[in-house]
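Please look over the model shown here before reading on. The paragraphs after it go through the sheets, the core and the ligand surroundings in turn.

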Amino acid sequence: MIEVSGLTKRFGDKVIAVQDLSFSAKAGEIYGLLGPNGAGKTTTLRMLATLLKPSSGSLKVAGYDVTTHPEDVRRNIGVVNGGMGLYDRLTGREILEYFAYFYGIGKIDAQKRIKQLEGALEMTDLLDRRSSEYSTGMKQKIVIARAVLHEPAVLILDEATNGLDVVARRAVLEFARAYRSKDRVVLFSTHIMAEAEELCERAAIIDHGRLVAQDSVANLKTQSSANNLEEAFFRLTRSVN
Ligand SMILES: Nc1ncnc2c1ncn2[C@@H]1O[C@H](COP(=O)(O)OP(=O)(O)OP(=O)(O)O)[C@@H](O)[C@H]1O
Ligand SMILES: [Mg+2]
């Protein structure tokens, strides 16, 4: 579902944000992309989402090459990142309707889909209020709903729980778990190891733009004789620094 191969991204002559990175995630899994601040996670995800061009290497999403078939990639991908970008004057429902139109979803299907998401994300009493009145957690629910309106096979969550309280965080994690299915994959990027450990079957750990390890979460722990993923993460990243 996601294939990253020999991926490199340079910014100018000095910064190599991602260097010769390879990993792959299969349908049916929640895959972790883990790394400390500045590791190159967002840069990698932006390339997957066709928002940035790779300097070299290749990326495939749902079988489509990101460089040669960007439209097909966009149809198959939903992205949640830090930037919320909601229109303050619109209600949550209006925002979702607007994006459904944008995705080419017909009115009746859009109503159905919004109804479904209203249930899945517990948005009942917020859809008809203006988004300027929303808390951070409510906003994030709309952002997630917006990212999956077109039911993409690949859902990318980039630090999707940042700034959320314990209830909103739980809702996001539950949604990610429920979204994964036999023909979908969730790519969950974070530096919060407890969340990754709870959610992900397999993960790639990156640091300074390079792959440090890629394996099942269980193997990452045994391989570094760690009790939990955070300890494994420390040991694995320390050994390359
Ligand atoms: N547009 C840009 N121009 C120059 N350097 C950049 C640009 N975008 C990212 N970088 C650099 O690339 C490196 C990787 O950044 P990136 O945002 O991908 O990391 P990250 O793993 O998402 O970190 P965080 O956990 O802080 O979100 C950093 O050193 C960053 O400063
Ligand atoms: Mg980032």
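What follows describes two sheets, a nonpolar core and the shell around a ligand.

This is a predicted model, in which local features need pLDDT of at least 70 and side-chain atom pairs count only at pLDDT 80 or more, while totals for chains, interfaces and linings use all residues. Residues are numbered from 1 along each chain as its sequence is written, and chains are lettered from A and ligands numbered from 1 in the order in which they are written.

Helices (H or I, at least four residues) and strands (E, at least two) are DSSP runs numbered from the N terminus, and two strands pair if DSSP finds at least two bridges between them. An open sheet of 6 strands follows the order S6-S7-S8-S3-S9-S10, with mixed pairing. Strand S6 (77–80) and strand S10 (210–216) each have a single partner strand at the edges of the sheet, so one side of each is left without a neighbour there. From one strand to the next, the twist averages 15°. Strand S3 (residues 30–34) runs parallel to strand S9 (residues 202–207), the two being joined by 4 bridges, and leucine 33 has alanine 204 as its bridge partner in S9.

Helix H6 (residues 166–179) lies across S3, S7 and strand S8 (185–190), and runs at about 150° to S8; axes here are lines fitted to C-alpha atoms, for helices over the stretch in contact, and angles run from 0 to 180 degrees between N-to-C directions. Helix H5 lies across S6 and strand S7 (154–158), at about 165° to S6.

The second open sheet to consider has 4 strands in the order S2-S1-S4-S5, with antiparallel pairing. Strand S4 (residues 56–61) pairs with S5 over 2 bridges in the antiparallel sense, and the bridge partner of lysine 60 in S5 is aspartate 65.

The largest nonpolar core (buried Ala, Val, Leu, Ile, Met, Phe, Trp, Tyr and Cys residues joined through C-beta atoms within 7 Å; buried means 20 or more other C-beta atoms within 10 Å of a residue's own, with C-beta atoms placed from the backbone) has 72 residues, and Val154, Ile156, Leu187 and Phe188 have the most contacts inside it. Helix H5 (residues 136–148) gives the most to this core, with 6 residues.

Ligand 1 is surrounded by residues including Phe11, Val15, Lys41 and His191, where a residue counts as near if its C-beta atom, placed from the backbone, lies within 6 Å. Strand S2 (15–25) and helix H1 (41–48) each supply at least two residues of this shell, and H1 provides the largest share, 3 residues.

Key: Buried ≥ 20, exposed ≤ 12 C-beta atoms within 10 Å, placed from the backbone. Contact = placed C-beta atoms within 7 Å.
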